[in-house]
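Dear colleague,

I am passing a structure on to you, and below it you will find my notes on what turned up when I went through it. Please read them with the model open beside you.

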Amino acid sequence: MRVWAVSDLHTDYKDNMAWAEQLCSSRECRQDALIVAGDVSDNLDTLARTLELLTSAYGHVFFVPGNHDLWCRREERQRHDSLVKLQLVRDTCARLGVHTSPACVGGVWVFPLLSWYHASWDREPDLPGAIPIEKVMMDFHACTWTSVPGLRAGDDSVARHMDALNDPAFGEALAAVEREERETGRRPPVVSFSHFLPFQELLPEKRMLHYPNLAKAAGSDPLAARVARLRPAAHVFGHTHFSWDAVGPHGVRFVQWPLGYPAEQRRRSRPVSEWRPMLVWDGERDALSSPRACYWSSHYAVAGRRPHVLTPAPWVSA
């Protein structure tokens, strides 16, 4: 069995839904598992249609929602908030047989890690004059947390609440992994995934970004602690739409492989019809797949990060 990964499908766009429909026509992955690291659609019908297509193409589909999946449009807000929306998303997954909790398939443990971002995750110097992230991200208008008292978008309360929802399934699955390791002397392969980023090293420096304050709405300290505790062979993430494949903190291989928006796809060297999820675990070799060259992770492998340099890149200053 192989494990593939993709994120940020955004199938509200007809081109992206057409990609999902094309994907399901192939039979080559019917025994494999697919990780979907969030951001499919805020429309539950579109989400369900997309997951139905993916479950027809893959033997196992794993999913965690991203920020877009928990948006509540104006008509929805009269009925529920984003936490109730989360439960509706999970109910949809359960009905379709999509995994939202850790499971062992084909000898590989796959850990979905629910998460949310918080501004204090960003510990690097700010770029002077950068637009506040609240002014450019729809989340701050479309996500509400009223069903649980004390949750506020302006601190880490939502991130900690979301992280706590991983228990007790996370603890039970980790205990099973550790038990197998004790009994066999070999740690079984573990691949974890989240929508948001566990470590800031997985995000380009602020001077490289059109929205330098993205770091204030991208990552989670509780998620970082959970990844460090789990010690996966690889961790898949999404959200930033930057393809990534590199070994990072704790010796973990970090992967992002986003479908992204149609405008982003047009900038790639290959048409979207030829684009496929990324192979992460190769069951035939019983090992992680060979690393891929990705623009930003390859850049940092050579140049290294210099977050204290605050001179904007030419495309940012322009």
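Does glutamine 265 count as buried or exposed? Glutamine 265 counts as buried, at 5% relative accessibility, where buried means under 20% relative accessible area, exposed over 50% and partly exposed in between, with a 1.4 Å probe and protein chains only. Before going further, please note that this is a predicted model, in which local features need pLDDT of at least 70 and side-chain atom pairs count only at pLDDT 80 or more, while totals for chains, interfaces and linings use all residues. Residues are numbered from 1 along each chain as its sequence is written, and side-chain values use heavy atoms, with hydrogens and water left out.

Glutamine 265 lies in helix H9 (residues 262-266); helices (H or I, at least four residues) and strands (E, at least two) are DSSP runs, numbered from the N terminus. Not counting residues up to four places away in sequence, glutamine 265 touches Asn16, Leu259, Gly260, Arg270 and Val272, contact being taken as heavy atoms within 4.5 Å.

A second buried residue is leucine 202, with a relative accessible area of 2%, and leucine 202 is found in the loop between strand S6 (190-193) and helix H8 (221-230). Leaving aside neighbours within four places in sequence, leucine 202 is in contact with Leu197, Phe237, Trp244 and Phe254. Of these partners, phenylalanine 237 is 35 residues apart from leucine 202 in sequence and 9.4 Å apart in space, C-alpha to C-alpha.

Turning to the strands, 5 of them form an open sheet in the order S3-S2-S1-S10-S11, with mixed pairing; two strands pair if DSSP finds at least two bridges between them. Strand S3 (60-63) and strand S11 (287-288) stand at the edges, each with a single partner strand, so one side of each is left without a neighbour in the sheet. Strand S2 (residues 33-36) runs parallel to S3 and is joined to S3 by 4 bridges, and valine 36 stands opposite phenylalanine 63 in S3.

Strand S8 and strand S9 (residues 253-256), by contrast, run antiparallel and are joined by 4 bridges, with alanine 246 standing opposite phenylalanine 254 in S9. The hairpin of S8 and S9 has 5 residues between the strands, and in this hairpin histidine 250 takes a positive phi near 65°.

Strand S8 (244-247) also appears in the surroundings of helix H10, whose buried residues pack against S8 and against helix H11 (314-317). In helix H10 (residues 295-303) the buried residues are Trp296, Ser297 and Tyr300. They cover an arc of only 95° around the axis, which puts them on the same side of H10, the arc being that of the directions from the helix axis to the C-beta atoms. On the other side of H10, Tyr295, Ala301 and Val302 are exposed, and just after H10 glycine 304 takes a positive phi of about 75°.

As for charged pairs, a salt bridge is a side-chain nitrogen of Lys or Arg within 4 Å of a carboxyl oxygen of Asp or Glu, and by this rule the count comes to 18 salt bridges. One of them joins arginine 186 to aspartate 286, with the closest N and O atoms 3.1 Å apart. Arginine 186 lies in the loop between helix H7 (169-184) and S6, and aspartate 286 in the loop between strand S10 (278-282) and S11, so the pair ties together parts that are 100 residues apart in sequence. Arginine 186 counts as partly exposed, at 42% relative accessibility, and aspartate 286 likewise counts as partly exposed, at 42%.

The side chains of aspartate 156 and arginine 160 also meet in a salt bridge (2.9 Å, N to O); aspartate 156 is partly exposed, with a relative accessible area of 25%, and arginine 160 counts as partly exposed at 46%. Another salt bridge brings together the side chains of aspartate 245 and arginine 253 (2.8 Å, N to O), and here aspartate 245 and arginine 253 are both buried. Salt bridges that share partners, moreover, join Asp122, Asp126, Lys206 and Lys216 into one network.

With kind regards
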